[in-house]
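Hi everyone, thanks for making time. I'd like to walk you through a structure that is new to most of us, so please have a look at it first.

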Amino acid sequence: MKNIILGAAIAVTTLAACNSGSDKTTDAKQSDMHSDTSMAMHQQTTDTTTSKTAAAAGVFPAREIIAGYLQLKNALAKDNGQDAAAAGNAMVATLAKIDMKTIPEQQMKSYMEVADDLKEHAEHIGANAGKIEHQREHFIMMSKDMTDLVKTFGNGGQTLYKDFCPMANDGKGAIWLSEVEEIKNPYLGSKMPDCGTVKETIK
Ligand SMILES: [Cu+2]
C-alpha cells in the first residue's frame, strides 16, 4: 500500500515538474476558452438562429487535428522524438485556434471533456523532444482522447484503424489510431514495429 501511494506521489511530482514551464499560458488559455464557451452557450440558448449562422460560418477542424495526431504517431513509430515534438506543438496551435462557435451544442459537452486533456498531452509531447518514452506516456492518453474526439466529430473523411498493442504501457496495453491497415507501432518503434492488431475500422 505504501509503495502504491509513493508511486502515485512520484507520478504527480513528475507531471507537475514537466508542466511547470507552461502553467501560466495554460491557465490564461483555459480561462479564455471558458469565456468563449459560455458566450457560445449563451448565444445558443438565447438566439438559435444566430448560433446556427455562426456555426455554419466556420468548420470544426477535425481533419486538421487528426492529421496532426497521425503525424505525431508516425514520428513516434520511427523513434523520432524531434518530429513528434514538432507535431505536438503544431497540434497545440491547431487546438488554440479552434473557434468554439463552430461546435454544435450537442457536441460541446464531449468536446469539453477532452479539450484540455488533449491540449495538455500535446504540450508535454512538444516540450519533451529528447525524452521519447515520456512522449509515449502522453501519447497513450492522447490516443484515448482522440478516439473520443473521432467518435464525436467523425474521422475527417478518411478511414482510420484503431490498433491495440498488449505490450505497450508496461504490459498493460495501449491503443492508437492509424491511417494505414499495416501495424506500425508508435509505442515500441523499431524495437517491435509490427506488435499489435487492428481492433476496429472507423469508416
Ligand atoms: Cu509530461
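I'll start with the overall layout, then take the helix pairs, the sheet and finally one loop.

One thing before we get going: what you see is a predicted model. Okay, the layout. The protein chain has seven helices and three strands. And what order do the elements come in, going from the N terminus? The seven α elements come first, and then the three β ones. Of the 203 residues in the protein chain, 29% are buried. As for contacts, if you take those with a separation of 6 or more, 66% of them link residues that are 24 or more positions apart.

Now the helix pairs. Let's look at H4, which covers residues 62–77, and H5, which covers residues 81–96. Their axes sit 8 Å apart, and the packing angle is about 165 degrees. Anything over 145 degrees counts as roughly antiparallel, so that's what we call H4 relative to H5. The crossing there is left-handed. If you want to find the contact on screen, look on the H4 side for residues including Ile-65, Tyr-69, Leu-72 and Leu-76. On the H5 side, look for Ala-84, Ala-87 and Met-91, among others. What sort of residues make up this contact of H4 with H5, by class? Nine are nonpolar, four polar and two charged.

The other pair I picked is H6, residues 105–127, with H7, residues 132–153. Here the angle is about 155 degrees and the axes are 9 Å apart. That angle makes H6 roughly antiparallel to H7 too. The H6 and H7 crossing is left-handed. From H6, the contact takes in residues including Tyr-111, Val-114, Leu-118 and Ile-125. H7 brings, among others, Phe-139, Met-142, Leu-149 and Phe-153. By class, the contact of H6 with H7 comes to 10 nonpolar, seven polar and three charged residues.

On to the sheet. Which order do the strands take in it? It's S2-S1-S3, an open sheet of three strands with antiparallel pairing. S2 and S3 are the edge strands, each pairing on one side only. On average, neighbouring strands in this sheet are turned by 25 degrees against each other, if you ignore direction. And H7 comes back into the story here: H7 packs on the sheet and touches S1, S2 and S3. The direction of H7 makes about 55 degrees with that of S2.

Let's go through the pairings. S1, residues 160–165, is joined to S2 by five bridges. If you'd like a landmark, Tyr-161 is opposite Ser-178 in S2. S1 and S3 also pair over five bridges, in the antiparallel sense. The landmark there is Asp-163, which stands opposite Val-198 in S3.

So how are the two edge strands covered? Take S2, residues 174–178: four of its five residues are buried, so S2 is largely enclosed by the rest of the structure. S3, residues 197–202, is hardly covered, with zero buried residues among its six.

Last stop, the loop between S1 and S2. I want to point out three residues there. Ala-168 is found in that loop. Is Ala-168 buried or exposed? It's buried, because it has 23 other C-beta atoms within 10 Å, and the cut-off for buried is 20 or more. Leaving out residues up to four places away in sequence, Ala-168 touches Gly-173, Ala-174, Tyr-187 and Leu-188. There's also Cys-195, which is 27 residues along the chain from Ala-168, with 9.0 Å between their C-alpha atoms.

Asn-169 lies in the loop between S1 and S2 as well. Asn-169 counts as partly exposed, with 15 C-beta neighbours inside 10 Å. What stands out is its backbone: Asn-169 has a positive phi of about 60 degrees although it isn't a glycine.

Then there's Asp-170, in the loop between S1 and S2. Asp-170 has a positive phi too, near 55 degrees, and is not a glycine either. With 8 other C-beta atoms within 10 Å, Asp-170 is exposed. That's my tour, and I'm happy to go back to any part of it.

Methods. Residues are numbered from 1 along each chain as its sequence is written. This is a predicted model: local features need pLDDT of at least 70, side-chain atom pairs count only at pLDDT 80 or more; totals for chains, interfaces and linings use all residues. A residue is buried if 20 or more other C-beta atoms lie within 10 Å of its own, exposed if 12 or fewer, and partly exposed in between; C-beta atoms are placed from the backbone. Two strands pair if DSSP finds at least two bridges between them. Two residues are in contact if their C-beta atoms, placed from the backbone, lie within 7 Å. Axes are lines fitted to C-alpha atoms, for helices over the stretch in contact, and angles run from 0 to 180 degrees between N-to-C directions. Angles under 35 degrees count as roughly parallel, over 145 as roughly antiparallel, 65 to 115 as roughly perpendicular and the rest as oblique. A crossing is left-handed if the near helix is turned anticlockwise from the far one by less than a right angle, and right-handed if clockwise. Ala, Val, Leu, Ile, Met, Phe, Trp, Tyr, Cys and Pro count as nonpolar, Asp, Glu, Lys and Arg as charged, and the others, Gly among them, as polar.
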